[in-house]
Amino acid sequence: MVWSRRTVVSGIASLLLLWPLTACTPRTPTDPSGEAPAGEASATLPLTVGAIPDQDPEQLQRLYTRLAEYLSAELGVPVEYKPVTDYAAAVTAFRVGDLDLVWFGGLTGVQARLQVPDAQAIAQRDIDAEFQSVFIANTNSNLAEIEDISELTALKGRTLTFGSESSTSGRLMPQYFLEQAGVVPTDFKGEVGFSGNHDATIKLVEAGTYEVGALNSQVWEQRVAEGAVDESRVSVIWYTPPYYDYHWVISPEVEERYGEGFVERVQTALTRLDPSVPEQQEILELFGAETFIPTQNENYAQIEAVGRQIGKIQ
């Protein structure tokens, strides 16, 4: 091939223009083999955080955006919140690797860990070691407060809605306690409902669509405190005995991506949220917690047993 003088000059000029850009471009460190060290090449990939959609989506977006900002600063990696459509979608996203760290209820947490070997429950709120559900009733039902679990038989023949089908506090444990009293789903009038989330349960019972509903006690108390409940139309008739519930579950794959010890770093970041720091206090308040504390897989053995008993875990 014959090169003209013009072609050579143009080529040299192009190389001179590109050289400063190439020299200034950051590079990923490499080991002698030319490959990026373990964890380095993927350290810029975001840690994806998710949660079961148990409340109003706008409130969840606000909460997890604040949390993602906090975790990113604490861990030194980008953190991204990814909302999901329902409880089952949260479990699936964790199983396939679309979510790395998820705020699960007791049942969904167990379901997720059973599908991802070596996944760990790492933190829960201070209130989650003795969590409770509430049964609420429309005032037109004329149902009296229940003093003892045996009195749940008074709900036979009434209409009832749970929350999500996979909710621990809105379905699993309420159904378990009903069955302890000898009350099964077929004892209710018509088909038992599934509202989808705790806020929806309150609204359905308040409107009289269902006479009775079961939900998360914390959400109920928060909505009452906010003045979001018409207490002339709906009220609590029973608090369940306590049980373990909500918790953070993390995928073992994060250690491959961000390095050994990353799971412990995430646990530390969650448990060091400080109510004396305004930004962190806001996160804790949105979670309805004073603090987060460490937890472990074994704490949810009762949830797993009940899940298997009612067929939600095979």
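Okay, let's start in the sheet: β1 and β3 run parallel to each other, and three bridges pair them. Across that pairing, Val49 stands opposite Leu101 in β3. Before I go on, a reminder that this is a predicted model.

So, what does the whole sheet look like? It's an open one, six strands in the order β2-β1-β3-β10-β4-β11, and the pairing is mixed. At the edges we have β2 and β11, residues 292–294, each with pairing on one side only. Going from one strand to the next, the twist averages 25 degrees.

Now stay with β3, residues 101–104. On its other flank in the strand order comes β10, and here β3 and β10 run antiparallel, joined by four bridges. Two of the partners are worth pointing at: Trp103 has Trp248 as its bridge partner in β10, and Phe104 has His247. If you look at the two faces of β3, both are covered. Leu101 and Trp103 are buried on one side, Val102 and Phe104 on the other.

What lies across this part of the sheet? That's α2, which crosses β1 (47–51), β2, β3 and β10, and runs at about 170 degrees to β2.

Let me move to His247, which sits in strand β10. Buried or exposed? His247 has a relative accessible area of 0%, so it's buried. Its side chain reaches the backbone oxygen of Asp245 at 2.9 Å. As for contacts, if we skip the neighbours within four places in sequence, the list for His247 includes Val102, Trp103 and Phe104. Also on that list are Gly105, Gly106 and Gly109, then Arg113, Ala121, Ala123 and Gln124, and finally Thr295 and Tyr300.

Right, on to the aromatics. How many aromatic pairs does a search of the whole structure find? There are 18. I'll show you two. Tyr64 and Tyr81 make a stacked pair, 5.1 Å from centre to centre with 20 degrees between the planes. Tyr64 belongs to helix α2, residues 57–75, and Tyr81 to strand β2, residues 79–81, so this pair ties together parts that are 17 residues apart in sequence. Both Tyr64 and Tyr81 are buried.

The other one is Trp248 with Phe287. Their ring centres are 6.1 Å apart and the planes are at 65 degrees; anything over 60 counts as edge-to-face, so that's what we call the Trp248–Phe287 pair. The pair links distant parts of the chain, with Trp248 in strand β10 (residues 247–250) and Phe287 in helix α10 (residues 278–287), 39 residues apart. Trp248 comes out at 0% relative accessibility, so it counts as buried. Phe287 is at 3%, so it counts as buried too.

And which residues do the ring pairs link into a cluster? Tyr64, Tyr81, Trp103, Phe131, Tyr243, Tyr246, Trp248, Phe287 and Phe292. So if you want to click through the cluster on screen, you'll find both of the pairs I just showed you in it. Trp103 and Trp248, the bridge partners from earlier, are in there as well.

One last thing to look at on this cluster. Tyr246 is one of the linked residues, and Arg125 lies over the face of the Tyr246 ring, at 5.0 Å from its centre.

That's my tour, happy to take questions.

Technical notes. Residues numbered from 1 in each chain as written. Predicted model: local features only at pLDDT ≥ 70, side-chain atom pairs only at ≥ 80, totals over all residues. Heavy atoms only, no water. Phe/Tyr/Trp six-rings, centres within 6.5 Å; stacked < 30°, edge-to-face > 60°. Buried < 20%, exposed > 50% of the residue type's maximum accessible area, 1.4 Å probe, protein only. Lys NZ or Arg CZ within 6 Å of the ring centre and 35° of its normal. Pairing = 2+ DSSP bridges. Axes fitted to C-alpha atoms, helices over the stretch in contact; angles between N-to-C directions. Contact = heavy atoms within 4.5 Å. Polar contact = N/O pair within 3.5 Å; in protein donor to acceptor, adjacent residues only side chain to side chain.
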